[in-house]
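Please read the following walk through the structure with the sequence and the coordinates open side by side. The text starts from a single residue and then moves through helices and sheets to the contact between the chains.

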Amino acid sequence: MAKQVAIDGKGVHYTPLNQRIRKAVEDGADEIVVSNVLGQRFIGDGLRGNVTVRIYGVPGGDLAIFMSGPTVIVHGNAEHAPGNTMDAGKLIIHGNAGDAVAHSMRGGKVFVRGDIGYRGGIHMKQYETQCPILVVGGSAQTFLGEYMAGGLLIVLGLNGPIKAREIGSGIHGGEIIIRGDVDAACLATGATQVPFTDEDRARIAPVIREYAGDFGLDPEPLVSADYTRIIPASARPFVGKYTWE
Amino acid sequence: MDGSGIRQALSMMNERGSGEGAGYVAYGIYPDYRDCYALHVFFDNIRENKSVVDATLAQWGTIEHDEAIPTYDRPNLRAVHTPWRYFFKPDPSLAPASTSPEDDIVSALTMRVNTARRGALIFSSGKDVGVFKAGGWPEDVADFYRIEDYEGYTWLAHNRYPTNTPGWWGGAHPFNLLGWSVVHNGEITSYGTNRRYIESFGYTCTMFTDTEVVAYLIDLLVRRHGLEIDLAVRALAPPFWEEIDRMPEAEREWNRALRLTYAPAMMNGPFAIVAADAGTMIGFTDRTKLRPMVVGECGDRLYISSEEAAIRAMEPKVESITMPAAGEPVVGRVAP
């Protein structure tokens, strides 16, 4: 039988809160429900294991930072940089999220149902089998995929057209896939649009289906929709900007 | 509302402070003296420094009442200054050439006292408004002044993490001049340019930190130049030239004129700023959104904060939470 642990987060500072979460994981919990969360940062910091953490409330910044393995589900909004430098596992946010979502993420998945703020996916990176995935259901703001070095970033735009400008500013790896058309004027220098192929669709279809399943959406219209694919124009966008060869 | 709610909200964000400065400002707290300018002063040494300020004020008007601002010892807060308040009525006949003689006298007096550096610093000078700040954590500063004893209709509060200059009482936010008060998260990298510009209009920067200049810029643009506050904010954080170039002609023309006229007032660097006066509260961020700003609404109440958690601490049933776009001001007006 699955072992469930409940933690009341009301008024608890993030240090003891994280200690209690880690203790529950050590003691073999399969599911940890943290209620009354309000503003505590770093929840799930460096957490490992096979556990699912359900958070009720609004967690503070750097949620699931350095996390490697667990699933964190937020029933509420998240603040800045959820999924910061996350290594593996999954972060599901049922509300909106702040700026710098998936900051420097290096593996695992971050799924956001609502909108995200500025600089989503900033400096995501990948290495061999490690490939982080960020999927945003709503809109993303300016500097989406800034300095992106790897990984997959999908914006579904379910709440209307995407607001982002300067998309892929300094991108030198990875790819940004946005449902619908994107005005070329919204791309930053160094980012370029390429055709979205059948192979691309086949590649993102499992991700879209998983996302739709997590949020109870009908996946097929999203799988068959038109997408814009944005990739780096060069692996070294700043060559000649700071140094001269 | 009394100050207990905003004290609680601010303490949600202690991760953003370093215990070297916190402060509050409240509007509507001095109804018995609402026609007087409430001057809040830090004295280094009450015996030596107060007589100079008394004499200066007496020369320019009438002190209706003055008293120590009530404070309560806190174990973690060393009272390095004595906070004092004057309720002051300037004599308008002493500035006959001015169209707003009372404001001009109080503003000039504030600059004069603060520049003299004779152990007195006027850090709050509006009517029916008061700044309460000190070096310390938000809860300690709130309890030092017992801000829950004050009833105001607009409150701003700030928790400081000084990065480029030392923390001291005068450098804590909010910064105030006459009606306008300012709190700021970030740093104004254009401070040098802005300071040279504002000092050419007779302001003097004496607080050793960047945000002071924002309070004076707003006073200059709104009170002295007569700009609406949303236009003043557009001058301080104007659209990029590329955006101006894309505007329809009429809009493009006035945006160009505003940006050119106030080029030295334009602020660069990361910032999220909230400013208020008796009738207004306005929040805005830098144009590339390098600092967070969350807006909450509940009934006729408007909340602007760095973090959603602070708003929910004060208003658990908040009806809407939004994150405005970079440079897009959020304006609340006090219902008449």
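E148(B) is found in the loop that lies between α4 and β7 of chain B. The model is predicted, and in it E148(B) has 14 other C-beta atoms within 10 Å. A residue counts as buried at 20 or more such atoms and as exposed at 12 or fewer, so E148(B) is partly exposed. Leaving aside residues up to four places away in sequence, E148(B) touches D2(B), G3(B) and S4(B). The C-alpha atom of E148(B) is separated by 32 Å from that of G61(B), and the two residues are 87 apart along the chain.

The helix before this loop leads to a helix pair. Two packed helices are described by the angle between their axes and the distance between the axes. Helix α1 (residues 4-11) of chain B packs with helix α4 (residues 138-145) of chain B at an angle of about 160°, and their axes are 9 Å apart. That angle makes α1(B) roughly antiparallel to α4(B), because angles over 145 degrees fall in that class. The crossing of α1(B) and α4(B) is right-handed. On the α1(B) side the residues involved are R7(B), L10(B) and S11(B), and they meet P138(B), E139(B) and A142(B) in α4(B). Sorted by class, this contact of α1(B) with α4(B) has 3 nonpolar, 1 polar and 2 charged residues.

The strand on the other side of the loop, β7(B), leads to β1(B). Strand β1 (residues 22-27) of chain B has 6 of its 6 residues buried, so it is largely enclosed by the rest of the structure. In a regular strand the side chains alternate between the two faces of the sheet. For β1(B), A22(B), Y24(B) and A26(B) are buried on one side, while G23(B), V25(B) and Y27(B) are buried on the other, so that both faces are covered. Which strands pair with β1(B)? One is strand β6 (residues 129-134) of chain B, which pairs with β1(B) in the antiparallel sense over 6 bridges. In β6(B), A134(B) is the bridge partner of A22(B). Another is strand β7 (residues 154-159) of chain B, joined to β1(B) by 6 bridges and running antiparallel to it. Here H158(B) in β7(B) is the bridge partner of G23(B).

A separate description applies to the open sheet of 4 strands in chain B, which has the order β3-β4-β2-β5 and antiparallel pairing. Why do β3 and β5 of chain B each have one side without a neighbour in the sheet? β3 (61-68) and β5 (120-124) of chain B stand at the edges, each with a single partner strand, so one side of each is left without a neighbour in the sheet. Direction ignored, neighbouring strands of this sheet are turned by 30° against each other on average. The edge strand β3(B) pairs with strand β4 (residues 82-90) of chain B over 7 bridges, in the antiparallel sense. Within that pair, H65(B) stands opposite F87(B) in β4(B). Helix α3 (residues 101-116) of chain B lies across β2 (37-43), β3, β4 and β5 of chain B, and α3(B) runs at about 140° to β5(B).

Farther along the sequence comes helix α7 (residues 229-236) of chain B, which is mostly covered, with 6 of its 8 residues buried. These are I229(B), A232(B), V233(B), R234(B), A235(B) and L236(B). What do the buried residues of α7(B) pack against? Their partners are α6 (211-224), α9 (249-261), β11 (280-285) and β15 (330-333) of chain B.

Chain B also has an open sheet of 3 strands in the order β13-β12-β14, with antiparallel pairing. β13 (301-305) and β14 (320-322) of chain B stand at its edges with a single partner strand each, so one side of each is left without a neighbour in the sheet. The twist averages 15° from one strand to the next. Strand β12 (residues 294-298) of chain B and β14(B) run antiparallel and are joined by 3 bridges, and G296(B) stands opposite I321(B) in β14(B).

The last topic is the contact between the chains. Of chain B, 12 residues are in contact with 13 residues of chain A. Helix α10 (residues 308-314) of chain B gives the most to the side of chain B that touches chain A, with 4 residues. By class, the residues on that side of chain B divide into 7 nonpolar, no polar and 5 charged.

How values were computed:
Residues are numbered from 1 along each chain as its sequence is written. Chains are lettered from A and ligands numbered from 1 in the order in which they are written. This is a predicted model: local features need pLDDT of at least 70, side-chain atom pairs count only at pLDDT 80 or more; totals for chains, interfaces and linings use all residues. Two residues are in contact if their C-beta atoms, placed from the backbone, lie within 7 Å. Helices (H or I, at least four residues) and strands (E, at least two) are DSSP runs, numbered from the N terminus. Ala, Val, Leu, Ile, Met, Phe, Trp, Tyr, Cys and Pro count as nonpolar, Asp, Glu, Lys and Arg as charged, and the others, Gly among them, as polar. Two strands pair if DSSP finds at least two bridges between them. Axes are lines fitted to C-alpha atoms, for helices over the stretch in contact, and angles run from 0 to 180 degrees between N-to-C directions. Angles under 35 degrees count as roughly parallel, over 145 as roughly antiparallel, 65 to 115 as roughly perpendicular and the rest as oblique. A crossing is left-handed if the near helix is turned anticlockwise from the far one by less than a right angle, and right-handed if clockwise.
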